[in-house]
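Work through the exercises below with the sequence and the structure open. Try each task before reading its solution.

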Amino acid sequence: MDRGSCKFLITFLLVVVSALHPYFCYAEKAPNYSFVKEATSAPQVSYHAYIVVGGGTAGCPLAATLSEKTNVLVLERGGSPYLKPGTTDKVNFILQLYDTSSDSYTQQFVSEDGIYSHRARVLGGGSVINAGFYSHADPEFIKEVGFDEALIKDSYQWVEKKVAFQSPVLQWQSAVRDGLLEAGVLPYNNFTYDHIKGTKIGATIFDTNDHRHTAADLLEYADPTNIKVYLHATFFFLHVHVEAGSRPKATGVIYEDASGVKHKAFLTKDSKSELIVSAGAVGSPQLLMLSGIGPANKLTALGIKVVMDQPMVGQNMADNALNAVFVPSPLPVEVSLLSTVGITESGNYIEAFSGLNLPPFGVHLTRFLPLGLHKQTRLQGGLIIQKTGRPRSTGYVELRSTNPNEAPKVTFNYFKDPEDLSKCVQGMQTILNVVNSNSFKRFRLPMISTQQQLLSMVATVPSNLRARHLDTTTSLGQFCNDTALTFWHFHGSCQIGKVVETDFRVRGVDSLRVIDASTFHVTPGTNPQATVMMLGSPRINEQIESQIRKENMDMGSCRFLKAFGIAVFALHCYLCHAEKAPCYSFVKKAIAAPRVSYHDYIVVGGGTAGCPLAATLSETANVLVLERGGSPYRKPGDTDKRNFFLTLLDSSPDSYAQTFVTEDGVYNQRARVLGGGTVINAGFYSHAEPEFVKASGLDEALVNDSYRWVEKKVVFEAPVSQWQSAVRDGLTEVGVLPFNGVTFDHINGTKTGSTIFDMDDHRHSAADLLEYADPNNIKVYLHATVHKIILTIKNVRSRPKAEGVIFEDASGVRHTALLNRSSKSEIIVSAGAIGSSQLLMLSGIGPADQLEELGIKLVMDQPMVGQGMGDSTFNGLFIPSPTPVELSLISAVGIYLPASYIEAASGFNMTPLSDSNTEFLLGILNQTNIGPRLNGGTIFQKVARPLSRGYIELRSTDPNETPRVRFNYFKEPEDLERCVQGMQTIINVINSKAFSKFRFPTISTQSLLNLMAASASNLRPRNPNTATSLKQFCNDTVTTLWHHHGGCRVGKVVDNKYRVLGVDGLRVIDASTFSFSPGTNPQATVMMLGR
């Protein structure tokens, strides 16, 4: 190619890339949307391809989707949800509902049934004021609306990427959950988005800091060049054009800004242009009627010109009636909103919340509460509520006036249908059973226990305007009628088949649709917001528009668009370079490597530190990663949570873990897989303690940014199911306090942490952080065993310098990788606490006497290489359970400083295995007549910051042979004392009331100690007093979760920038540099260090 052609091609690509770039990388982040403005800044007249009336739960995602390919205007009558930070946080849920200021997020009204109700008036709609629970629709709903199930799933995921989080299950919520199970709301379905009968944990739109996320956040998907959102834009009516002999056609809307100035927005002259009403189940029928589409007699009575007589507009209005019991607690309770839900056979939804801030007048309402609780500003206690699922009672919406700011007259006819009342009675009986359950008793005041006492507290509070009766507190039927409330799950006023078609087009009117909950026959699932947001997703809109596309596009156009799409996809790689796991084009087997190659950086070890480090370096330089193991993605499911033990006990040549026995007689594991220890560990994710960060000399803000970089890809909230919650509650009962809730932080007390297992129990690993890598700047070779680092010394006065490495592929062929001639080029060893020391010694850096004995040429005598090896000792008990237990790994943790960390696991798959440890466990299971899945679990302790230190020594010059490792477990008496304290804490937890349902009454804790002492958990000898002396028990039954550290410690082998002392061009970056293991579990910090 000549120079002129090159110039032309470069110019062409630059023009095309820059032109297409907005279509790939255009997103803006909430709350900094440049396209959201006050309506006072709107032009008097404007034209748009789509006009969306209502920037609510459906309107925001819908507008974002439409903006991907056309011009969109959104008109929202309220303001921004981002203007008052903290107002919408979980703790202020009740407070914000009772904000009566003119710019509040909610407009209060009273239904004709005498029920206080709320309409959202804010960008994001109901998702800004609701209780936050996020759950999918029931399968019957999906079938009724005629959507494709796979398409629905994709659409939900589109929403969940931005706004859904796993709900924390703390003390109040776990007590309600366990009470539901005790009351027979079975089975237990664990965490799930799905709507399934039984008890489950759902998701929420509150993040781990209890900040609310809303449908407004879905505008991050919008193309800012194609969208305008005007706030405080009150729509007066739709402009509907009618010509003689033709159907009415929507052409625009008239709206008013906050200053009272009216504006007109019109649709462009395009056959696809449409006006979409997404103003909610109250606002959408109101707007249609204000525009002349509705019951002719009602419109005429208000002087509204009738465009189309449509008597079904506003009819069939329904709501899920809500009734509740308030339970004052003798103990302080956490702030919680809906996390646990019971979906009963009778069609009720049982939910709960606790500990919320009360509005000023709410404090006066608490005068009805006993025992001096009447001066609370925060609930000491909570509510357990029931909602009537799929209500049969329906009502209507009628205009009061032609003022769009006035809420219309709304009647729901709660409990008009006897079946709804019968359902409510069953739901209330379930609540009372929960309150009286053993699981819930610690939150119940003993003197308030009868049904009448509980019902009286609610009946005497003026929670609505309905009359009370003599039998309100003695008849559950009357109680339901008299104390009805709402969570405003309004639906049905513009129903499909009555007002709109199945594609949401208004019957008899062109260019007009209604897309929101007003179109539903029933509310979907326990809470509708997930499904309402899902309606606005790209995939749903594709289905809605598919028929129109078929009618308006000829085959030639399709062929052109397909070809254009292929070209755009090809350019996308250059615009947004990231690739997604597991489809990395840059990861190959080492047999594909050239015999000689040159790189800016060579990273030895694609593990917990190596993967994030390589991804970071690839942003600006050429990087080679050499990993001795294979890919973690080649055996889908093998690393799932249920197979945790199976993965460790796989002894095949291509297994992810290499088993070895230390000189202490303890079974150990070394990862040999891309992603390193994150592929084989127990998954718990927790930050380092502040002392570690300070001792490492790292900037705290930089550390926090780096943690977040990791967390965006691989971290999820750990589910707290029955076993984990029993351990958690047992820890708090025995004094491991305070309870710190869900947190990344390393804090004394009991907490719930995070995990690298997602909501489907699939493992994510450090290998996923390679998604951050630039694929043009990185090569990763698998099954690449590094034999030595090439070190050169120019003369006797110069320092050794790392120049490259020699590695061997799976076929035994050796390759040489060299550094480019640059002052910044480096070799970085990230082979783990064992592998890094081993490689330095194989390369001639280590204790001179040991290296010379093996015939290794000495480059530098460094006696500290391999010294100072530490590991967090692990001791525990296996507790067989009389009842089936869920699959769980570490979620709850007790941090009992300075002694130990208490953790737990349960319900693992143990077959097919022949290992002696497993045979022992299966023997226990057979004794309790349980199959091959572990019916029970373990509670274990790890000694915090062990003082005992050991060493690594080479056995040979073969890099595939694990060196000789000794940790000297419990050599220091203080470590042994800490283990004894940790074991005593475990015994106390097992004997606690909170844990009692998982105990066989006939198996004492001494029997549990005997069981563990008799197991082949290690190769250390047993003593006569192993099971009777906790000190001897700790010494004899010690095992490990391989939190190996040391061997290349900062200040001993590397400096505080991780450069190997006395050697140029060489660093070590992994846990081998640590003097102690950070936090309860080191993986978070090791990955962070790579960043």
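**Exercise 1. An aromatic pair**

Is Phe520 buried or exposed? Then describe how Phe520 is arranged with Phe141.

Solution. Begin with the source of the coordinates: this is a predicted model, in which local features need pLDDT of at least 70 and side-chain atom pairs count only at pLDDT 80 or more, while totals for chains, interfaces and linings use all residues. Residues are numbered from 1 along each chain as its sequence is written, and side-chain values use heavy atoms, with hydrogens and water left out.

Step 1. Recall the cut-offs: buried means under 20% relative accessible area, exposed over 50%, and partly exposed in between, with a 1.4 Å probe and protein chains only. Phe520 has a relative accessibility of 3%, so Phe520 counts as buried. Phe141 is buried too, at 4%.

Step 2. A pair of aromatic rings is described by the distance of the centres and the angle of the planes. Rings of Phe, Tyr and Trp (its six-membered ring) pair if their centres lie within 6.5 Å; planes under 30 degrees apart are stacked, over 60 edge-to-face, and the rest tilted. The centres of Phe141 and Phe520 are 5.0 Å apart and the planes stand at 80°, so this pair is edge-to-face.

Step 3. Locate both rings, using helices (H or I, at least four residues) and strands (E, at least two) as DSSP runs numbered from the N terminus. Phe141 is in helix H4 (residues 139-145), and Phe520 is in the loop between strand S27 (512-514) and helix H13 (529-534), so the pair ties together parts 379 residues apart in sequence.

Step 4. Count by the same rule: there are 30 aromatic pairs. Phe93, Phe353, Phe487 and Trp488 make up one aromatic cluster.

**Exercise 2. Two disulfides**

Which cysteines form disulfides, and which parts of the chain do they link?

Solution. Step 1. Apply the cut-off: a disulfide is a pair of cysteine sulfur atoms within 2.5 Å. The structure has two disulfides.

Step 2. Take Cys424 and Cys480, whose sulfur atoms are 2.1 Å apart. The angle about their S-S bond is -90°, and the link is left-handed. Cys424 belongs to helix H10 (residues 418-435) and Cys480 to helix H12 (residues 476-482), so parts 56 residues apart in sequence are tied together. Relative accessibility is 0% for Cys424 and 0% for Cys480.

Step 3. Take Cys979 and Cys1034, with sulfur atoms 2.1 Å apart. The torsion about their S-S bond is about -90°, so this disulfide is left-handed. Cys979 in helix H24 and Cys1034 in helix H26 are 55 residues apart. Both Cys979 and Cys1034 are buried.

Step 4. Look at the surroundings of H26 (residues 1030-1037), whose buried residues are Leu1030, Phe1033, Cys1034, Asp1036 and Thr1037. Their cover includes S47, H24, helix H25 (1005-1014) and S53 (contact means heavy atoms within 4.5 Å).

**Exercise 3. A sheet of seven strands**

What is the strand order of the open sheet of seven strands, and which helices pack on it?

Solution. Step 1. Two strands pair if DSSP finds at least two bridges between them. The order is S36-S37-S48-S49-S50-S47-S53, with mixed pairing. At the edges are strand S36 (739-742) and strand S53 (1039-1040), each pairing on one side only.

Step 2. Examine one pairing: S47 (residues 873-880) and S50 (residues 936-943) run antiparallel and are joined by seven bridges. Gly936 in S50 is the bridge partner of Pro880.

Step 3. Add the helices. Angles run from 0 to 180 degrees between N-to-C directions, and axes are lines fitted to C-alpha atoms, for helices over the stretch in contact. Helix H20 (residues 722-733) packs on the sheet, and its direction makes about 155° with that of S49. Helix H24 (residues 973-990) also packs there, touching S47, S48, S49 and S50, at about 150° to the direction of S50.

**Exercise 4. Alternation along a strand**

Which side chains of strand S29 (residues 596-599) are buried?

Solution. Step 1. In a regular strand the side chains alternate between the two faces of the sheet.

Step 2. In S29, Ser597 and His599 point to one face and are buried, whereas Val596 and Tyr598 point to the other and are not.

Step 3. S29 pairs with strand S42 (residues 814-819) in the parallel sense over four bridges. The bridge partner of His599 in S42 is Leu819.
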